[in-house]
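The following exercises concern one protein model and its ligand. Each task is followed by a solution in steps.

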Amino acid sequence: MNLKTYGMAMFNKVFIESNYLEHPRVFRILEKIKYQDKIPINDIGDVWGRVKKPYLQKRTNLNLFIGAKKGQLVKEAPPAYGAGTQKHFYFIHAYNCIYECEYCYLQGHFNTPDLVFFVNHHEIIEEMKEVALNNPGCWFHAGEFSDSLALSHITGELPEYFDFFKNNPDEKLEIRTKSVNIKELLKLKPLPNIFVSFSLSSEYSAKKFDLKTPPTKHRINAIEKLVQAGYRIGIHFDPIIYVNNFEKDYEDIITNLSQVLPDSSLAYISIGVVRFTGDVYHQTIRNYPDSEISHTLFSKSEDGKVRYNRPMRKWILNKIREKLLPYYQNDKIYECMED
Ligand code: SF4
């Protein structure tokens with residue numbers, strides 16, 4: 001069975017925590033997906049990831065789990081994660097992703113590619129309130145373990161988060177995506193403290209490495225529509241992968257971007273070079289042996305990350321910054337996960 005990534009997502013089995021079987025949000029999700037079987041379970045943790053499931057089975061055999069996120073719902077982000085000097089936190093409302101970027105860290109992070117939708121958004125928001133109280137002006141990020149927009153028409157949680165940020169104008173939300181699924185956003189009124197951020201790479205790189213994602217030019221069209229609707233935009237040129245024609249490819253994409261995204265609508269641009277933990281690197285080689293990534297010479301840096309050596313990283317980042325500067329202010333550009 002093939003998984004359709006647009007419109008009606010298709011799953012083999014849907015496992016639902018018994019407490020949530022009658023929850024209106026679960027009804028809404030079930031109405032919007034296709035599935036073969038619905039199975040009540042006690043707790044997602046009893047089943048999800050208990051047995052190792054090969055990552056690439058996501059192509060043909062994907063299950064969905066629905067229930068409550070337990071434990072810590074909002075976590076502090078690692079250093080050098082986001083823009084500015086305020087603290088950054090991420091909240092967890094889903095696990096795993098319908099896309100298949102070859103460098104994706106999820107392939108080495110979880111035991112299974114099966115998707116999880118956490119539906120206890122009110123509890124996540126309660127925890128965000130507390131974090132905001134102790135860290136005024138902080139940032140919250142959605143989409144650390146998933147794409148925040150790709151399935152938002154199914155999960156339907158955006159209005160609840162918009163309400164929170166409307167009532168908490170000092171705190172900021174980043175909704176991070178590679179999708180062009182912006183229809184839920186266009187139904188909502190943009191807020192000055194909500195930023196929609198797009199991960200972009202050159203057309204060539206997106207086609208080669210961001211498997212199953214919308215082409216870069218479609219993402220740029222989505223940015224244009226959101227700018228016209230009044231949204232503030234963040235851009236992540238991350239991860240940048242060096243390939244032949246890298247400079248020209250990125251020059252083209254930055255020129256195209258500048259035509260739809262004026263500096264006044266841009267909040268920040270992060271630039272970062274491809275990097276892996278050891279585990280993810282080995283998974284990538286195993287899953288994509290023919291990829292250009294698998295034939296690239298990386299080195300292991302002091303922090304254990306597999307990546308280009310420092311002079312190469314600096315050279316790449318400087319080149320990208322140089323190409324951005326004719327269009328965007330230097331102080332809006334920051335380097336992600338570089339010291
Ligand atoms: S969009 Fe993000 S989460 Fe999804 S596969 Fe690509 S890198 Fe992974």
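**Exercise 1. Locate P239 and characterise the peptide bond that joins D238 and P239.**

Solution. Step one: P239 belongs to strand β13, which spans residues 232-240; helices (H or I, at least four residues) and strands (E, at least two) are DSSP runs, numbered from the N terminus. Step two: the bond between D238 and P239 is cis, with omega about 5°. For context, most peptide bonds are trans, and most residues other than glycine have a negative phi.

Two conventions apply throughout. Residue numbers start from 1 along each chain as its sequence is written. The model is predicted: local features need pLDDT of at least 70 and side-chain atom pairs count only at pLDDT 80 or more, whereas totals for chains, interfaces and linings use all residues.

**Exercise 2. State the sign of phi at N96 and place this residue in the chain.**

Solution. Step one: phi of N96 is near 80°, a positive value in a residue other than glycine. Step two: N96 sits in the loop that runs between β6 (94-95) and β7 (100-101).

**Exercise 3. Identify the residues around the ligand and sort them by class.**

Solution. Step one: the residues around the ligand are C97, Y99, E100, C101, C104, L106, D147 and K178, where a residue is near a molecule if its C-beta atom, placed from the backbone, lies within 6 Å of it. Step two: this shell has 5 nonpolar, no polar and 3 charged residues. The classes are nonpolar (Ala, Val, Leu, Ile, Met, Phe, Trp, Tyr, Cys and Pro), charged (Asp, Glu, Lys and Arg) and polar (the others, Gly among them).

**Exercise 4. Describe the sheet of 8 strands.**

Solution. Step one: the sheet is open, with mixed pairing and the order β4-β5-β9-β10-β11-β13-β14-β18; two strands pair if DSSP finds at least two bridges between them. Step two: β4 (74-76) and β18 (333-335) each have a single partner strand, so one side of each is left without a neighbour in the sheet. Step three: from one strand to the next, the twist averages 25°. Step four: within the sheet, β10 (residues 172-177) and β11 (residues 194-199) pair in the parallel sense over 5 bridges, and E174 has F195 as its bridge partner in β11.

**Exercise 5. Describe the sheet of 3 strands.**

Solution. Step one: the order is β15-β17-β16 in an open sheet with antiparallel pairing. Step two: the edge strands, β15 (275-276) and β16 (299-300), each pair on one side only. Step three: β15 and β17 (residues 306-307) are joined over 2 bridges, and V306 in β17 is the bridge partner of F276.

**Exercise 6. Give the number of helices and strands, and assess the compactness of the protein chain.**

Solution. Step one: the protein chain has 12 helices and 18 strands. Step two: its radius of gyration is 20 Å, close to the 20 Å that the globule rule gives for 339 residues, so the chain is as compact as a globular protein of that length. The radius is taken over C-alpha atoms, and the rule is 2.2 Å times the number of residues to the power 0.38. Step three: along the principal axes, the C-alpha atoms fill a box of roughly 55 × 45 × 35 Å.

Key: Axes are lines fitted to C-alpha atoms, for helices over the stretch in contact, and angles run from 0 to 180 degrees between N-to-C directions.
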